[in-house]
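Subject: Structure for your review

Dear colleague,

Please find below the structure that I am handing over to you. My findings follow it.

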Amino acid sequence: MSDLWVIAPVFNEESSLESFVMEWVPVIRAVTGGDFTFCIINDGSKDTSLRILNRLASEFKEILVVDKPNSGHADTCLLGYQKAIEAQAEWIFQIDSDGQCDSVNFKEFWLARSDGFCHYGHREGREDGWHRRLISKVLAILLFLLSFQWVRDANVPYRLMPLEVLKSALKQIPAGFRPVQAMLTLIHNEKPGIMWHTIRFRKRSGRVDSNKFFFFAHEAICLIRDYSSWLWNDGVMGTTDRIVRIGKVFLFLFSTYYMISFLALACIRMQAFVEYDWIEAVQLSQVQRILEGLPIYASPSLEYVPLMYAPLYFYLSAALAFFTGESIATLRFVSFIATLGTLFFIGMLVWRITASKQAAWIASGLYAGMYGVVGFWFDIARVDSLFIFFTLATVYGLRAASERGWVASIWVALAAVCAVLTKQTALVPVIALCAWSLMVHYKKSRFTVILCIVSILLSQIMSIILTDSWFFYYVYKVPAAHPILINHINKFFSHDIFRHLSIGFVISIFTFFFLFKKNNRKPDAFFFLFFFLGMALAGFAPRVKL
C-alpha cells in the first residue's frame, strides 16, 4: 500500500515523456518522502512512448508502466483509478503527461490535503491558446445548464482525491459513460466538496493537437446525452425531482432569453430620434439648463416650470452630455446603465441570501422580463431606473455592512443619499430597511443606520439652502398637496397588482411565511417583508395621486 498513487495517461508523447518524468519524480519524492507509485499508462501509442517508459521504469523504482490498447483519455484514467483503488492507495493524484502540468503546485496540494475533501487545480494564465480557454468556459456553462452546479474547471488534469471519495464517486458513474472527468468533478463538487487551487498551465512540450472543434462539439453532445441519460435512469432522483429539474431548466432558459431581449431592444431603442414618453423632452430641458449654468429649481414662470424630481439624474446626465452632446440618447444611456446595475444588485442580493448562482441569474432575468410590463421604462429618459439602482445598492449594502466594517457603512450612506437625491420616494424603502437592520443587527448596524439617516438629512438640508428653498417646494411641498383619488387606488389594486403583479405578490407572501417558519431564517423573512413593503409603498404613493 502506498500513501499516494500518481496516474498519468500517455498517448504519443515521445518528445516530452523524459522531461515530464525527470521533472515530477524528484518533486514528488521531496514532498511526500518517497512513498508513492507513479502509474504511467500507455494508451496504445504509435510512436516510441512505450519503449521510453520501459527504460524510465528501469531507472526509477517508483514508476509502474501499464500498456493497453488505445481507447481514449477517459478510459485510460479510469483504468488508473481502478489500479490505485486495488492497491489501496490513500490518495490518488491525476495529471497529464504532455508537459502542461507544472510540478511547482504539487507541494501546495499535498500540504493542504485533508480527509474527505478533493483538491482540484484551477487553470489561470493558461498558455495553451484562447480556443482551449473558450472550450473550458463553454463546458462550465454546459454543465451548469445540465446540473445547476458551477464548477470552475471541470476537466482539469490536476486533481488530488482521497481513496474512499473516489471509490464512492466511481460507483455512481455507469459503464460506457464518456465524460468521466467532468462527471467526477460534478459528483465531488456536490459531495464532499472541492478545494480549488490556482495553478499554472503551460504550453505542450510534446505533440501539439490541432484545434479539433468538431471533436469538441461531438464530446459536448455526448456529455449532454450521457448526463441526461444518467440523470433520468441512474441518478438518485424521483419523479418530482425530475419535474423540478425540468422546471429549473426552463426558468433558466427563459431568464436568459429575457436578459438577451432586454439588452438587444435597449441598444436598438436608445438611438431613436422620437420621444417614447412626453417627459423625455422635459427631462432633457433640465439637463440643458444645467449645461447652460442655470438653476433647475427656480420660481415658476411661463417659460419654465421645474419637475417634481430630485436632481441627481439630471446632473449625471449633464456630466455625460458634456462629452457626448445634448440628446435624449444620452439620458437613455444613463437609464440603461442604471438598469444593468439593478440586474447586478438583484443577482448579488439573491446570491447572498440563497448561495445559488442559478437563483441569482433567474431573479435578474425575471426582472429583465418585466421590461414590457412596465411600458419599456427601463431605458427611457426618466429618473426611475437610476432611483431603483441606488435603492437596490443601498439595500444590498445594508445587508452586508454589518459584516464589512465602517468602509462599507460609508458606501451604504453614499448609495442612500444618491437614491433619495434621485427620487424622493426612495426614502420609504431606505427607512424600512434601516429599521430592519436595527431590529436584526442593532449593535453592528446602528453606526451604519445613523450615518445613513444623518447623511440623507444633510443632503436634503444642503439642497434646500443652495436652492433658496425651491428644492423643498418642488420635491416635497407640491407633490404632498396633490389630492388622492379613490379611482386611482382601485386602479392600483385591480390593474397594477391583480393584472400584472398577482403572481409576484402570491410568491412574495408565500416566501415570507416559508422563511418565517424556519427559526434560522427569521431575519431573512423580515428582511424580505420590510423590503417588499418599502418598495410597494414607494410605488403606491405617487400612483394614487393626481
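Pro 192 has its place in the loop between α7 (180-190) and β7; helices (H or I, at least four residues) and strands (E, at least two) are DSSP runs, numbered from the N terminus. The peptide bond that leads from Lys 191 into Pro 192 is cis, with omega near 10°.

Before going further, I should state that this is a predicted model, in which local features need pLDDT of at least 70 and side-chain atom pairs count only at pLDDT 80 or more, while totals for chains, interfaces and linings use all residues. Residues are numbered from 1 along each chain as its sequence is written, and side-chain values use heavy atoms, with hydrogens and water left out.

Lys 191 also appears in a pairing across the chain: its C-alpha atom is separated by 9.4 Å from that of Cys 118, and the two residues are 73 residues apart along the chain. Cys 118 is found in strand β5. At 0% relative accessibility, Cys 118 counts as buried (under 20% relative accessible area; exposed is over 50%, and partly exposed is in between, with a 1.4 Å probe and protein chains only). Leaving aside neighbours within four places in sequence, Cys 118 is in contact (heavy atoms within 4.5 Å) with residues including Leu 160, Met 161, His 188, Gly 193 and Ile 194.

The sheet

Seven strands form an open sheet of mixed pairing, in the order β3-β2-β1-β4-β6-β5-β7; two strands pair if DSSP finds at least two bridges between them. The edges are taken by β3 and β7 (194-199), each with a single partner strand, so one side of each is left without a neighbour in the sheet. From one strand to the next, the twist averages 20°. For such angles, axes are lines fitted to C-alpha atoms, for helices over the stretch in contact, and the values run from 0 to 180 degrees between N-to-C directions.

Strand β6 (residues 158-162) is largely enclosed by the rest of the structure, because five of its five residues are buried. In a regular strand the side chains alternate between the two faces of the sheet. In β6, Tyr 158, Leu 160 and Pro 162 point one way, and Arg 159 and Met 161 the other way. Strand β4 (residues 91-95) pairs with β6 in the antiparallel sense over five bridges, and Ile 92 has Met 161 as its bridge partner in β6. Strand β5 (residues 118-123) also runs antiparallel to β6, joined by two bridges, with His 119 opposite Leu 160.

Towards the β3 edge, strand β2 (residues 36-43) runs parallel to β3, and six bridges join them. One of the partnerships is that of Ile 41 with Val 66 in β3. Helix α2 lies across β1 (4-10), β2 and β3, running at about 155° to β3. In the loop between α2 (49-59) and β3 (63-68) sits Glu 62, which counts as buried at 5% relative accessibility. Beyond its sequence neighbours within four places, Glu 62 is in contact with Val 25, Arg 29, Gly 34, Phe 36, Thr 37 and Phe 38.

The nonpolar cores

A nonpolar core is a set of buried Ala, Val, Leu, Ile, Met, Phe, Trp, Tyr and Cys residues joined through side-chain atoms within 4.5 Å. The largest has 68 residues, and those with the most contacts inside it are Leu 4, Trp 24, Phe 38, Phe 93 and Tyr 158. A second, separate core of 57 residues includes Phe 389, Val 420, Ala 426 and Val 449.

Thr 425 lies in the loop between α15 (406-422) and α16 (427-440). Thr 425 is buried, with a relative accessible area of 15%, and touches Phe 387, Ala 538 and Pro 542, not counting residues up to four places away in sequence.

Two residues with positive phi

Gln 88, in the loop between α3 (73-86) and β4, has a phi near 60°, a positive value in a residue other than glycine. At 38% relative accessibility, Gln 88 counts as partly exposed. Asp 468 likewise is not a glycine but has a positive phi of about 55°. Asp 468 is placed in the loop between α17 (442-466) and α18 (470-481) and, at 62% relative accessibility, counts as exposed.

The protein as a whole

The secondary structure comes to 21 helices and seven strands. Of the 546 residues, 47% count as buried.

Yours sincerely
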